[in-house]
Amino acid sequence: MIRTYYDEMYDGAGQVRPHYREFARWLAETPPELLAQRRREADLLFHRAGITFTLYGDEQGTERLIPFDTIPRSIPASEWRIVERGCIQRVKALNMFLADLYHEQRIIKAGIIPAEQVLANEQYQLAMQGLDLHRDLYSHISGVDLVRDGDGTYYVLEDNLRTPSGVSYMLEDRKMMMRLFPELFAAQRIAPIDHYPNLLLDTLKSSSPLDNPSVVVLTPGRFNSAFFEHAFLAREMGVELVEGADLFVRDDRVFMRTTDGPKAVDVIYRRLDDAFLDPLAFNPDSMLGVPGLLAAYRCGNVVLANAIGTGVADDKSVYPFVTEMIRFYLDEEPILKNVPTFQCRKPDELSHVLANLPDLVVKETQGSGGYGMLVGPASTAAEIEAFRARIKAKPHAYIAQPTLCLSTCPTFVENGIAPRHIDLRPFVLSGKETRVVPGGLTRVALREGSLVVNSSQGGGTKDTWVVEE
Amino acid sequence: MLSRTASDLYWMSRYLERAENLARMLDVSYSLSLMPQDGRGDGLHELAMPLLITGTLEDYHERHGQLHAERLLHFFALDAANPASIYSCLGAARASAHAVRGRITADMWENINATWLDIRDIAQQGLSRYGMSRFCEWVKERSHLFRGATYGTIMRNDAFRFIRLGTFIERADNTLRLLDARYEMAGDRAEPVTDGTAHAYYQWSALLRALSSFEAYTEIYRDAPGARQVAELLLLRADVPRSLRACSEEIDQILASLPGINGRPAQRLAAEMDARLRFTAIDEILEEGLHAWLTDFIPLVRQLGDAIYSSYLEAA
């Protein structure tokens with residue numbers, strides 16, 4: 001099968017798209033040696049600054065750089081405005097869904113989502129049932145993963161409502177581009193993003209009913225793969241970066257241990273999964289959490305951002321219903337499209353899936369991070385047959401989607417510049433208002449033909465520009 | 001400030017100061033080992049001094065057996081398997097900095113991170129290729145740079161105080177130990193303390209140079225270095241920045257300026273120590289015997305360290 005890819009920089013006729021013209025002119029004028037030298041400089045600067053991540057399963061805890069590509073991903077402002085509205089709409093509906101799910105469950109009663117899809121879901125937290133949250137907000141920080149298909153249409157690949165990461169790379173990539181190539185920013189209007197930490201702090205503060213709440217960032221610790229980001233955000237916001245052992249609960253209130261005695265904590269931006277938050281309520285073996293935290297939370301004495309139990313809304317088995325949620329709660333037509341999804345639990349869709357396995361991507365509903373997945377076009381006949389047996393045995397545990405073409409963007413590779421597949425994760429902040437900084441994190445699959453953009457799989461990042469035409 | 005944060009800041013600067021002091025010890029021993037040894041062996045004994053002072057000589061013997069110049073130097077300076085090596089100290093300092101990178105400035109973090117990346121390169125090259133004296137100079141320079149970045153960029157808050165606290169506790173301990181060791185090497189303790197032999201001269205001037213106090217010494221005493229003056233300079237002079245008195249004065253002031261009341265035990269110990277040094281004359285110390293006096297004082301510094309730990313740094 002011949003696939004056509006949408007390229008961000010060049011149109012079908014090989015002409016530079018208007019929003020890339022300025023950049024293309026600059027690229028043509030700049031000597032390749034200078035570009036190569038600046039790329040080395042970027043590597044050195046990232047290394048010096050220790051902007052790294054740690055790979056799990058690596059005994060040495062080796063810190064690695066995420067490859068940074070100096071060709072930006074550029075989005076025309078008019079196009080961005082649609083994406084932005086789409087992301088905001090989606091996150092609003094998802095927050096309303098969560099509030100509904102943990103209260104009246106109108107959407108289930110209306111027959112839009114089958115009860116067993118959500119109530120039997122592992123991510124559904126009984127402890128949240130009936131608990132009122134300030135502003136009815138559950139997912140304060142959300143990441144919406146977008147890809148573009150062959151004709152350039154944006155699709156939402158998945159929603160991330162637990163502890164979406166990557167925003168520090170978005171900010172550091174921009175800093176690096178401005179440092180290396182200031183002339184590019186002088187030549188055209190690129191929307192600024194540096195105020196993200198400010199907006200984040202504002203969002204976290206507005207998640208609490210208190211006037212000036214004390215905010216902290218809770219990290220699993222320095223060995224976590226995203227520790228750099230936790231420390232980065234705490235520093236940029238000017239708040240404490242705490243580990244579980246730094247906090248304790250007394251009389252259903254949360255305190256941190258300081259050199260000046262205990263100090264009250266009102267809002268916790270936690271970068272720790274639900275299961276590790278409180279050993280008394282969840283995983284008793286967790287050394288990372290704070291005993292008694294859930295009790296304090298249920299008393300309304302502390303805000304967790306994001307709330308407990310948001311995972312039920314970004315589960316792959318719930319994903320197919322998000323467009324319906326938007327219609328149900330907002331009475332609006334969805335601005336961003338879902339990837340068409342076949343639910344194997346439905347007999348007619350299952351037979352379609354089984355008949356078309358070589359063309360489909362099949363995912364486990366509970367899986368994440370690329371585990372338990374079949375990419376049909378990239379698999380052998382034997383792998384497909386093995387997977388077929390697994391689907392037949394447990395059809396309700398799988399969904400299937402057509403293999404998307406993922407747009408490409410020119411990228412520096414070994415021998416010059418070549419197109420590589422990319423995605424986009426804008427970060428949506430929900431507080432008093434719902435806001436998105438222009439752009440987001442663009443991840444790029446550096447291996448030729450690869451569609452996997454994860455940093456653990458050799459993916460890199462690019463600066464993301466929203467350009468005024 | 002979070003107790004754990006304070007603890008990481010404190011240990012960051014302690015380890016860095018320790019690395020610097022180890023390099024200073026190594027530097028002086030290395031240059032003395034190159035001197036004619038007038039019947040005192042082949043300089044190996046001198047090279048083993050830093051290990052003796054830091055209490056790692058046994059560890060060395062267990063792993064490497066006989067004294068061997070190159071192995072000794074590598075073990076002390078670059079051995080990642082030796083938790084007390086300069087390499088390990090810089091690694092520990094960098095790990096602590098990593099944990100609190102949100103609380104130190106970018107200049108400080110990039111500086112200490114670059115130091116760590118560099119020493120890994122040096123370890124790959126090996127000491128003999130890099131050069132012994134050059135290595136010691138490099139360690140001192142990195143420590144100076146970091147201190148400069150710290151003083152030049154960080155806010156004057158509790159973070160700054162805990163960083164300095166670590167530096168001065170470590171430095172006080174180091175000055176005491178170095179002085180004790182050199183006093184032993186300088187000759188028979190029964191000899192008059194104004195020992196003027198060439199051997200003693202080199203021992204004392206090497207010590208002064210190791211502590212960057214040679215210029216101060218000549219300016220104050222205008223005399224060849226001897227035990228009495230050196231001891232006075234390094235123990236009691238408040239205007240010599242690596243002296244015990246200078247350290248205790250800093251520690252006392254820093255502790256007094258920390259908020260809260262849970263630090264009282266540490267504050268009292270520090271004030272007592274500072275008062276004791278302020279109102280002691282060198283003759284009293286020598287009457288008691290320098291070695292005996294130092295042996296009494298070293299545990300006091302450790303006690304103070306423990307009190308700081310339980311007052312401020314204990315996280316759980």
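## Where the two chains meet

How many residues of chain A are in contact with residues of chain B? In this predicted model, 20 residues of chain A are in contact with 22 residues of chain B. If you want to find chain A's side of that meeting place, look at helix 2 (32-49), helix 9 (227-237), strand 7 (240-242) and strand 9 (253-258), since each of these supplies at least two of the residues that touch chain B.

What kinds of residues sit on this side of chain A? They split into seven nonpolar, five polar and eight charged.

## Chain A as a whole

Now let's step back and look at all of chain A. It has 13 helices and 23 strands. Its radius of gyration is 23 Å, close to the 23 Å that the globule rule gives for 469 residues, so chain A is as compact as a globular protein of that length. Along its principal axes, the C-alpha trace spans about 65 × 60 × 45 Å.

As for what's tucked inside, 45% of the 469 residues of chain A count as buried. The chain also brings together residues from far along its sequence: take the contacts between residues at least 6 apart, and 69% of them join residues at least 24 apart.

The domain assignment of chain A gives domain 1 (195-305) and domain 2 (340-403). Their centres, taken over C-alpha atoms, are separated by 39 Å.

## A hairpin in chain A

Here's a good spot to practise reading strands. Strands of a sheet pair through backbone hydrogen bonds, either parallel or antiparallel. Strand 4 (residues 141-148) and strand 5 (residues 154-160) of chain A run antiparallel and are joined by six bridges. One pair to look for is A:Arg148, whose bridge partner in strand 5 is A:Tyr154. Five residues lie between the two strands of this hairpin, where A:Gly152 takes a positive phi near 90 degrees.

Strand 5 of chain A has another partner too: two bridges join it to strand 13 (residues 337-338), and this time the strands run parallel. In that pairing, A:Val156 stands opposite A:Asn338 of strand 13.

## An open sheet with a helix across it

Chain A also has an open sheet of four strands, in the order 7-6-11-12, with parallel pairing. Which strands are at the edges? Strand 7 and strand 12 (303-305) of chain A are, and each pairs on one side only. From one strand to the next, the twist averages 30 degrees.

Zoom in on one end of the sheet and you'll see strand 6 (residues 215-218) of chain A pairing with strand 7 over three bridges, in the parallel sense. There, A:Val217 stands opposite A:Leu241 of strand 7. Helix 9 of chain A lies across both strand 6 and strand 7, running at about 150 degrees to strand 7. You've met two of these elements already: helix 9 and strand 7 of chain A each supply at least two residues to the side that touches chain B.

## The two domains of chain B

Over to chain B, whose domain assignment gives domain 1 (1-154) and domain 2 (156-316). The centres of these domains, taken over C-alpha atoms, are separated by 20 Å. Across the boundary, 28 residues of domain 1 are in contact with 26 residues of domain 2.

On the domain 1 side, helix 1 (3-33) and helix 2 (44-54) of chain B each supply at least two of the touching residues. The largest share, 19 residues, comes from helix 1 of chain B. Sorted by class, this side of domain 1 has 14 nonpolar, six polar and eight charged residues.

Note on methods:
Residues numbered from 1 in each chain as written. Chains lettered and ligands numbered in written order. Predicted model: local features only at pLDDT ≥ 70, side-chain atom pairs only at ≥ 80, totals over all residues. Contact = placed C-beta atoms within 7 Å. Nonpolar A, V, L, I, M, F, W, Y, C, P; charged D, E, K, R; others polar. Rg over C-alpha atoms; globule rule 2.2 N^0.38 Å. Buried ≥ 20, exposed ≤ 12 C-beta atoms within 10 Å, placed from the backbone. Pairing = 2+ DSSP bridges. Domains from an automatic or database assignment. Axes fitted to C-alpha atoms, helices over the stretch in contact; angles between N-to-C directions.
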